[in-house]
Amino acid sequence: MIEKPEAVSGASAPMRTTLFDFPHPVDEVSARLVATGVVITCSLYLATRWPWVLVVLAWGFVARVATGPTLSPLGQLVTRVIRPRLAWSERPAPGPPKRFAQGIGAAFSTSALIALAFDADGVVLILVSALAGFAFLEAAAGFCAGCWVFRALMRTGLVPESTCEACNNINLS
């Protein structure tokens, strides 16, 4: 058992949880701040082509899928440093779609890392550019493409409704 950091300033005492929990609900403002960090990280890679930036990007997504912000450097920066300093009120959003979206980011970023190992630079650029684009939609407009896919999978029955009952009221704006 570890203690999770407070998600937002003024929140109740940190909840006790296991390492591999994902927050539910999540703070939409924190999610958008993390997306901003992903845009910056992707932009840094696209501008420099430094391989270690892809390693950091992939680690962040895998860590956020597995543990929420707990093992993610970007998640920790947002939840411990940036978010507590903002006066904006908490905006709860269902956790499972956000975790699914992080999983898509993990698939894209680790695929980019593998493509880089095989010198498939064009594939890397496409994957990182797509990640940057979707993260920008989340950061700037609050549109989570992965959440939209998650909801579509729920509607078709591929994801059981019991996975996320709160998702029936998901706001995709």
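A residue is termed buried when its relative accessible area is under 20%, exposed when over 50%, and partly exposed in between (1.4 Å probe, protein chains only). The model is predicted: local features need pLDDT of at least 70, side-chain atom pairs count only at pLDDT 80 or more, and totals for chains, interfaces and linings use all residues. Residues are numbered from 1 along each chain as its sequence is written, and side-chain values use heavy atoms, with hydrogens and water left out.

**Exercise 1.** Determine which residue pairs with R83 in a salt bridge, and where the two partners lie.

*Solution.*
1. A salt bridge requires a side-chain nitrogen of Lys or Arg within 4 Å of a carboxyl oxygen of Asp or Glu.
2. The partner of R83 is D27, with the closest N and O atoms 2.6 Å apart.
3. R83 belongs to the loop between α3 (73-82) and β4 (92-93), whereas D27 is in strand β3 (residues 26-27), so the pair ties together parts 56 residues apart in sequence. Helices (H or I, at least four residues) and strands (E, at least two) are DSSP runs, numbered from the N terminus.
4. Both partners, R83 and D27, are buried.

**Exercise 2.** Establish which residues are joined with K98 into one network by salt bridges that share partners.

*Solution.*
1. K98 bridges to E28, the closest N and O atoms being 3.1 Å apart.
2. This contact links helix α4 (residues 95-117), which holds K98, to helix α1 (residues 28-48), which holds E28, 70 residues apart.
3. The relative accessible area is 10% for K98, which is therefore buried; E28, at 8%, is buried.
4. E138 also forms a salt bridge with K98, at 3.0 Å between the closest N and O atoms.
5. E138 lies in helix α5 (residues 121-141) and K98 in helix α4, so this pair ties together parts 40 residues apart in sequence.
6. Shared partners thus join E28, K98 and E138 into one network.
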